[in-house]
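Biologist: Could you take me through one part of this model up close? I'd like to hear about the salt bridges.

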Amino acid sequence: MNSRRMAILAIGGLIATSLPAQSPESRSAATKATPGYNHSIPAKIMTPETVETRLGTLKFHDGRPTPETVDLVYDNLDLLRGTEVFLNGIPATSIEGLLLGVIEMGVDASNKIIIFDELLDSSPLFLTGNTDTVYAATMLDLKRDGATVVEVPPNCGPGTVDDAYFRFVIDMGAPGPDRGAGGKYLILPPDYDGDLDPPVGGMEAEVGGEKYFVAKSASYVNLLILRGFLVDGKPDAATASFENGLKVYPLAQAASPPEMEFISGSGHPFNTIHANDFEFYEELHTVIEREPASMWEPELLGLFASIGIEKGKPFAPDARMKKILTEAVAIGNATARAIVFRPRLDGVPYYPGSAWGTAFVGADYRWLNNDGEGGRNLDARTLFFYQATVNTPAMAMKMVGKGSQYAYAAVDASGEYLDGAKTYKLNIPANVPAADFWSVVAYDPQTRSELQTGQKFPSKNNKRDDLVENADGSVDLYFAPSAPAGKEANWIETVPSKGWYVLLRLYGPLDPWFDKTWRPGEFELVE
């Protein structure tokens, strides 16, 4: 040890020994005791007799809430829990809404398919459905049917199976393991206990001498939805492909599967959207009753149970609780609408100062931040499922020339909501980076479904419609109650008493979309 360090230690020791020792009594005397205590109690752990909050004045006697305060905070807790149940239950009730809607159309078995053979027009209520592909869909019931086979025809567009909480099970068709060549898929129920243990997204396996792409769902009810592309702007080829090649049947009936039945949904008014009032909780209770408890995270089950939605028990709130939940669902609905139409989430805007944003924030189909290290982005999940359906990793993946990409806009260039009584122009620059096609569809902010107007399709598609181009190759689209003179070919009708918003879709997106060297224009008000 050097001499300097020794000197410092020696001085420190002299100082320490020269200070007078402080007895416990003197330390206590130096700090004033809190009234009612022997010693000083940190103020931060104490509760005042009154506390002013947005709920009003909370009153306590020695930390114990008064009866009035107890009633007030429990009402508030039930209100908060009811609101959270709405925001977290949307994926489940959205699947339930789809199930109820297709049953209304007669699709009550997996061999019955609802097909939009004349495309999805604005008559049915579907969350932001497109007018550009042929949808073919059914609901699988793995409790009734057991393991179920889906035979997908060749050249099928994007297809997906999602479970009863809209979680991804497996892709089919172009983004699936068959890569558009077609093939047999086998969907296992949650109570399957055999040797097959497929990961999320599925695996290839041999079952009974047949080769399948095998996936296991966490739920009994599952959505199967497939899309077929237009050929020469028409749906005929895709419709024929589904009607001749799509088969769905229980594995137990593979030797003699039931005949397929295709039911057209085009032009028929029916609803597939969950409730936004008290009925929402009843829809959620139906899902909880039907599905195994194993499909849910315990925290979610606990949240649902906190307002009386619990498996094996009736959902029968008393008058007080029903009144609170009626208010809670209204607050939850308003919150979801704020998240969608005035998002504050980081990651929504595609470009600085632009109205265009993504509904798939975080590029993770599980809505996990940093692969889960940052938890689940709950508001991002609400942003998506309040206005959209079908959950697949393909929506977030960069697949140049394949798949699809989306952007939505609800305001004009000045940040004001789009008004159906006014006229707007949207410029789509030349060389749209879409290998297949691009489209713009107008939606109703109330239903989040296609805007119902005098036009069959509230949309424009560069392959289906004869659009007039500008000299530079760009296209100006017009949105108004009536077509501006000479702009009829590029006009999308709006309703004077209503608002609207749009989705831009690029099928087969190319690099300029991903690197943002190409971007759509903003909605400009035309005086």
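Modeller: Sure, here is a walk through a few of the salt bridges. Keep in mind that this is a predicted model, where local features need pLDDT of at least 70 and side-chain atom pairs count only at pLDDT 80 or more, while totals for chains, interfaces and linings use all residues. Residues are numbered from 1 along each chain as its sequence is written, and side-chain values use heavy atoms, with hydrogens and water left out.

Side chains of opposite charge can pair when their charged atoms come close. Searching the whole structure turns up 20 salt bridges (a side-chain nitrogen of Lys or Arg within 4 Å of a carboxyl oxygen of Asp or Glu). Let's start with Arg320 and Asp78, whose closest N and O atoms are 2.6 Å apart. This pair ties together distant parts of the chain: Arg320 sits in helix H8 (residues 319–341) and Asp78 in helix H3, 242 residues apart. Helices here are DSSP runs of H or I with at least four residues, numbered from the N terminus. Arg320 counts as partly exposed, because its relative accessibility is 37%, whereas Asp78, at 14%, counts as buried. (Buried means under 20% relative accessible area, exposed over 50%, partly exposed in between, with a 1.4 Å probe and protein chains only.) Asp75 joins in too, so to speak: Asp75, Asp78 and Arg320 are linked in a network of salt bridges.

Now for Arg167 and Asp163, which meet at 3.0 Å, N to O. Arg167 is partly exposed at 27%, and Asp163 is buried at 3%. Finally, Asp364 pairs with Arg366, with 2.9 Å between the closest N and O atoms. Asp364 is buried at 11%, while Arg366 is partly exposed at 32%.

Key:
Helix = DSSP H or I, 4+ residues; strand = E, 2+ residues; numbered from the N terminus.
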